[in-house]
Structures are given as structure tokens and as C-alpha cells.
Amino acid sequence: FHPECPPRLDMAMTALQELARVHADLQLVPNPQPVDMRIVRLIHMPAYLNALHDHAPELPDGPPRVFPDPAVMDPSELEDKLSEFPDTYLSYGSPRAALLAAGAVCRAVDLVLSGRTHNAFCAVRPPGHHVGRYGPTPGAPSSGFCLLNNVTVGIEYARLHFPHISRVAIFDFDVHHGNGTEAICRDDPATLFASVHQYGGNFFPGSGAEECGGNIFNACLPKNFTSEQFREAVATKLLPALRDFQPQMLFVSAGFDAHEHDPVGGASLCDEDFAWVTDALVCLAQECCDGRIVSVMEGGYDVHEESAGLGTSVRAHVLALLNKSHLVSDRTRFSATSTLFPRKRALSS
């Protein structure tokens, strides 16, 4: 099956449900509402949104369609492009799923900025950090598995509904560069974008070269990067930039595809690394912005019951958001029969 599949959300929600049964300070907020299209139009251009709507299958049982960007793709080259880069698929329910994902982020913003919680994690799909204002960014082969840029929609919502929020930082630790988010935020002095990711060769999306200046900070890592390389880049290149910026709110593009068992990423991080980076961000947010964090799930594709890398990564991330990272150990592995990931999962997307 395609890597961006319903079991991703099943596994993330199973992990969250298990945590909520044990930790009373974790509240699950189900059933998000679709995002207001007026907010979405502040981020994405009408031509892209119309194409997204028009290209989806019209019937529930219609086959999924590969989604091209009609604004940049020459019709004479369309077949070659689609066979070479079959990343972005649309099913009948994809447009609504994208609106619900962005709506969940806006709901999280409400909860955090109204003071009901210090931070929030949004278990959503599809992801969003590869899609720019017009769809694929210039030079990118596609928008990956992304339809709407959930994080930047959430930022616009925050600024519109909470006028005291102006200066916002984004920290992206997905193994792939968040090229869509960077393109949307570049040259915006009120937004800082910081990303740690693999770079080089033909690794998707091919952008994100080392950059430390203005409002963009990219820390590049080699293929098969290690925990030590990841932590050093975060600690020496990105955290100081975030601290100097002094954001009033922090958004996190939480991609877990750098996990050692992920079939897409090819890196070697473990659960403890995701707890470590989340711990660092929680400490920084407490110092800069009263702990205000909205974290949004991006990549992470290990949904195999034996390894369950996405589920254990989500667990580590959320425990750290709860200031309980001491409960995470990279030596801990869960089997298919563990209470964290029962064979028969309770929720579906």
C-alpha cells in the first residue's frame, strides 16, 4: 500500500489512547471540524485549491488519482511526470480529510492560546509541510504526500484570532526538508523556520541546503545520519536561533520518518531521540513563550506491528510534551501483542 495510509493514524491514535488511560493529564480531543476556507485562502492560491477539489474522484468507490499541478506541468509531459513521481494521490475523501487535518490544528491553537493547555499534539493525516502556496514548490518533483500546509494554516489562524500573537517559530524535524513551509514563510520577519533534515543526492525534495540567516535556518544531515549527528545539529545550529528569535508561540512539524525502522526515511533515530528533541523544545518554549507549543504530525511510515516505529515515536514525543520523557527508553521495544499496539485497533481514519 501507499506509505501515506490510514493505518498511520490508527497507530498514532492507539498510542495516544493508551497514554491517556495511564496519564490523567493527557486529554484527547476528538472530532475536529473542517477548517474555515477563508483561513486556507490566506495560505494557498485559489487555482491550486480549485484543482485540488476538481481532481478528486467524484464517487466514494472511485479509484484514487495521482494529483498533478496543472499550473506547472506541461500536458505533453504529463504521463512521464506521473509515472516518475506518483507521490500525491487523491481519493474521494481526500479534500475533506485535508480540511479536517488543518481544522484540528486550528482547534489546537484555540486550546493553547485560550490557556486551557500549554501544548497540544495533532495526530493528523495527510501531512502538509511539502505543499506551498501553488502546490509543489519550484524545483520540487511533487508535493510529496501533502495537500494543505497544516502548520502555516494554523499560524494564520492564530494571528487572525489572537492579535497579540505575532512572532512565531516553526521547528521541523521530519527527515525530509519542509520545502512548502519554507517557501511560504521565507522573508517573513515575523516567522522563523528551522529544519533539521537529510540532504544530498536525490533525496526528496532536493531542497534545504545549509542556511543560517534571515528567517531560515536549515541544518543538513547526511544519508543514514546518526543520533549524535542529529542532536549536535539541533543543539548547535537550531536551538540558538530559536532562542535568539524569542517566539511568542512555537509550532512543530513532527515527522517521525527518521526512525530507524521507517521504510521511507533511511536514518537511524530511536524513540529517545524524539523525546530528547521534544524536551529541548519544551524547555525553550517555557523560557520564551509560556510553554505554548502546537505540534503537528508530518511523516512517519513504520506501521508494521512488529516494530511500530510510528507509534512508539508518537508515544515518546507526547510523553516529552507532558514533561515525562524519563519514561522513554531507546531500549524499550513493543511487540505486536503489547498493550500499546493491540492487533485489533480501535480507531480508523
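Histidine 130 is buried, with a relative accessible area of 5%. Here, buried means under 20% relative accessible area, exposed means over 50%, and partly exposed lies in between, using a 1.4 Å probe and protein chains only. This is a predicted model, in which local features need pLDDT of at least 70 and side-chain atom pairs count only at pLDDT 80 or more, while totals for chains, interfaces and linings use all residues. Residues are numbered from 1 along each chain as its sequence is written, and side-chain values use heavy atoms, with hydrogens and water left out.

**Around histidine 130**

You will find histidine 130 in the loop between S3 and H6. Helices (H or I, at least four residues) and strands (E, at least two) are DSSP runs, numbered from the N terminus. The side chain of histidine 130 makes a polar contact with the side chain of histidine 129, at 3.3 Å. A polar contact is a pair of N or O atoms within 3.5 Å; within protein, one must be able to donate a hydrogen and the other to accept it, and residues adjacent in sequence count only if both atoms are side-chain atoms. Leaving aside residues up to four places away in sequence, histidine 130 touches several others, including His176, His177, Asn179, Cys146 and Phe204. Contact here means heavy atoms within 4.5 Å.

**Aromatic pairs**

The loop that holds histidine 130 also comes up among the rings. A search of the whole structure finds six aromatic pairs. Rings of Phe, Tyr and Trp (its six-membered ring) pair if their centres lie within 6.5 Å; planes under 30 degrees apart count as stacked, over 60 as edge-to-face and the rest as tilted. One of the pairs is edge-to-face: phenylalanine 145 and tyrosine 301, 5.5 Å centre to centre with 90 degrees between the planes. This pair links distant parts of the chain, 156 residues apart: phenylalanine 145 is in the loop between strand S3 (119-122) and helix H6 (150-161), and tyrosine 301 is in the loop between strand S9 (293-297) and helix H10 (309-321). Phenylalanine 145 is buried at 17% relative accessible area, and tyrosine 301 is buried at 7%. Phenylalanine 225 and phenylalanine 230 are stacked, 6.5 Å centre to centre and 15 degrees between the planes; both are buried. Ring pairs also link Phe173, Phe256 and Phe274 into a cluster.

**Salt bridges**

Side chains of opposite charge can pair when their charged atoms come close. A salt bridge is a side-chain nitrogen of Lys or Arg within 4 Å of a carboxyl oxygen of Asp or Glu. The structure holds twelve salt bridges, among them these:

| Basic partner | Acidic partner | N to O distance |
|---|---|---|
| Arginine 8 | Glutamate 4 | 2.7 Å |
| Lysine 237 | Glutamate 210 | 2.9 Å |
| Arginine 243 | Glutamate 287 | 3.2 Å |

Lysine 237 and glutamate 210 meet in a salt bridge, and this pair links distant parts of the chain, 27 residues apart: lysine 237 in helix H8 (residues 227-245), glutamate 210 in the loop between strand S5 (191-198) and strand S6 (211-213). Lysine 237 is partly exposed at 33% relative accessible area, and glutamate 210 is partly exposed at 39%.

Arginine 243 and glutamate 287 form another salt bridge. Arginine 243 lies in helix H8 and glutamate 287 in helix H9 (residues 271-288), so the pair ties together parts that are 44 residues apart in sequence. Arginine 243 is partly exposed at 35% relative accessible area, and glutamate 287 is partly exposed at 46%.

Salt bridges that share partners join Glu4, Arg8 and Arg125 into one network. Within it, arginine 8 and glutamate 4 are both buried.
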